[in-house]
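Please open the structure in your viewer and keep the selection tool at hand. The tour proceeds stop by stop, naming what to select and what is found there.

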Amino acid sequence: MKLASLPQGRDGRLVVVSDDLAWYAEAGHIVPTLQGLLDDWERLAPEVGSLAIELAHEAIPRLRFHEREAAAPLPRAFQWVDGSAYVNHVELVRQARGAQLPESFWTDPLMYQGGSDDLRGARDPITLADEAWGCDCEAEIVVVTGDVPQGVTPEAALDHIRLVGLVNDVSLRNLIPGELAKGFGFVQAKPASHFSPVFVTPAALGEAWRDGKLHLPLHVDINGQAFGRAEAGEECTFDFGVLIAHLAKTRRIGAGTLIGSGTVSNRDPDGSPGRPVAEGGRGYSCIAEQRMVETIRTGAPATPFLKYGDVVRIEARDFRGKSVFGAIEGEVVRG
């Protein structure tokens with residue numbers, strides 16, 4: 001089933017969305033919010049699933065679903081963490097500045113904890129106070145967990161994934177070096193993230209969800225031009241079971257935790273850094289990666305970071321070319 005939240009109060013109101021993203025039905029008579037559903041998933045998910053079936057058969061009242069009207073599926077969450085499933089991305093970052101990639105990065109994922117009190121909807125603007133901060137998009141896959149016990153194995157962790165979606169993990173690249181130099185992680189360099197209009201249960205993804213990975217291309221457009229077409233299932237070093245187990249090594253995870261994959265990234269078939277879409281490659285899921293490749297090739301980056309008025313669109317389409325989660329599409333505005 002596909003779930004969304006329409007604006008209402010701090011936590012939105014839960015609706016069930018049709019597979020084609022055209023219609024929705026209210027779910028408030030079962031549970032008012034997505035967080036409420038996640039808190040009591042075993043009991044309530046079958047009832048909400050029955051509602052989704054009735055919506056598909058047009059057996060209940062339905063209304064047109066407009067992606068632009070949706071809030072983030074979880075407008076605020078108890079926890080939002082982001083991982084490093086695509087080590088190719090991490091390797092390029094370090095290569096561009098002449099640093100070696102530690103061997104442990106291939107076996108032990110990176111992870112940071114972001115702000116979860118202000119999660120933005122898919123069509124909300126990307127607010128930026130200063131262009132000099134180096135605003136960048138990061139197109140990623142995200143999962144939502146139920147309650148997860150401490151010490152869960154990667155294999156068992158997959159059973160605790162309730163929903164899958166997309167996220168634009170906005171980054172302020174020029175603030176990152178100063179924060180990392182302090183040795184205590186990101187704060188200012190990671191503003192509010194933007195989430196796809198709907199989240200989808202793994203079962204509803206069919207063959208596109210295998211082994212804890214989403215096997216679909218991730219379409220990233222900037223100002224209407226193709227920027228990235230990376231395949232999310234390829235070169236994903238750490239599946240979501242591994243990321244969840246990493247987080248749960250020393251603590252329990254509460255229902256409603258959001259875990260990001262990190263920037264989706266592909267190499268070229270010959271193992272070289274990926275090429276831009278305009279050169280026949282799969283492009284990139286963030287501007288920083290294209291700048292890294294430019295630095296490796298020519299010694300200096302050429303592509304600018306986002307400016308006021310730029311529009312970023314992120315979407316995953318199924319094997320029939322249909323949007324799966326709806327599109328994240330945000331304009332950079334002064335704010």
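The stops below pass from pockets to a cavity, then to salt bridges, a helix and a loop.

This is a predicted model, in which local features need pLDDT of at least 70 and side-chain atom pairs count only at pLDDT 80 or more, while totals for chains, interfaces and linings use all residues. Residues are numbered from 1 along each chain as its sequence is written, and side-chain values use heavy atoms, with hydrogens and water left out.

**Stop 1: the largest pocket**

Select Val93, Arg173, Ile176, Leu180 and Phe186, which lie nearest the centre of the largest pocket among its 36 lining residues. On a 1 Å grid over the protein atoms alone, a pocket is an open set of points with protein on both sides within 12 Å along at least five of seven lines, a cavity is a set where a 1.4 Å probe fits but cannot get out, and lining residues have an atom within 4 Å of a point. The volume of this largest pocket is about 1000 Å³; a volume is the space filled by probe spheres set on the points, which are joined across faces, edges and corners. Next, colour helix H3 (87-96), the source of the largest share of the lining, five residues. Helices (H or I, at least four residues) and strands (E, at least two) are DSSP runs, numbered from the N terminus.

**Stop 2: the second largest pocket**

Now select Lys2, Asp19, Asp20, Ala204 and Arg320, the closest to the centre of the second largest pocket among its 23 lining residues. This pocket holds about 380 Å³ of space. Helix H2 (residues 41-56) gives the largest share of its lining, four residues.

**Stop 3: the cavity**

How many cavities of 30 Å³ or more does the structure hold? There is one, and about 40 Å³ of space lies in it. Its lining consists of Trp80, Tyr112, Gly114, Gly115, Asp169, Lys190, Pro191, Ala192 and Ser193.

**Stop 4: salt bridges**

Keep Lys190 selected and add glutamate 138: the two form a salt bridge, with their closest N and O atoms 3.0 Å apart. A salt bridge is a side-chain nitrogen of Lys or Arg within 4 Å of a carboxyl oxygen of Asp or Glu. Lysine 190 lies in the loop between helix H5 (176-181) and strand E12 (194-195), and glutamate 138 in the loop between strand E8 (135-136) and strand E9 (139-145), so the pair ties together parts that are 52 residues apart in sequence. Both residues are buried, where buried means under 20% relative accessible area, exposed over 50%, and partly exposed in between (1.4 Å probe, protein chains only).

Then select arginine 275 and aspartate 268, whose salt bridge has its closest N and O atoms 2.7 Å apart. Is aspartate 268 buried or exposed? Its relative accessibility is 11%, so aspartate 268 counts as buried, whereas arginine 275, at 29%, is partly exposed. Add Asp136, Glu138, Asp169, Arg173 and Lys190 to see one network joined by salt bridges that share partners.

**Stop 5: helix H7 and a loop**

Select helix H7 (residues 287-298). Among its buried residues are Ile287, Met292 and Val293. Just after H7, glycine 299 takes a positive phi of about 95°.

Finally, select asparagine 223 in the loop between strand E16 (217-222) and strand E17 (225-231). Its C-alpha atom is separated by 6.5 Å from that of valine 312, which is 89 residues apart along the chain.

Conventions
Expected span 1.5 Å × (residues − 1).
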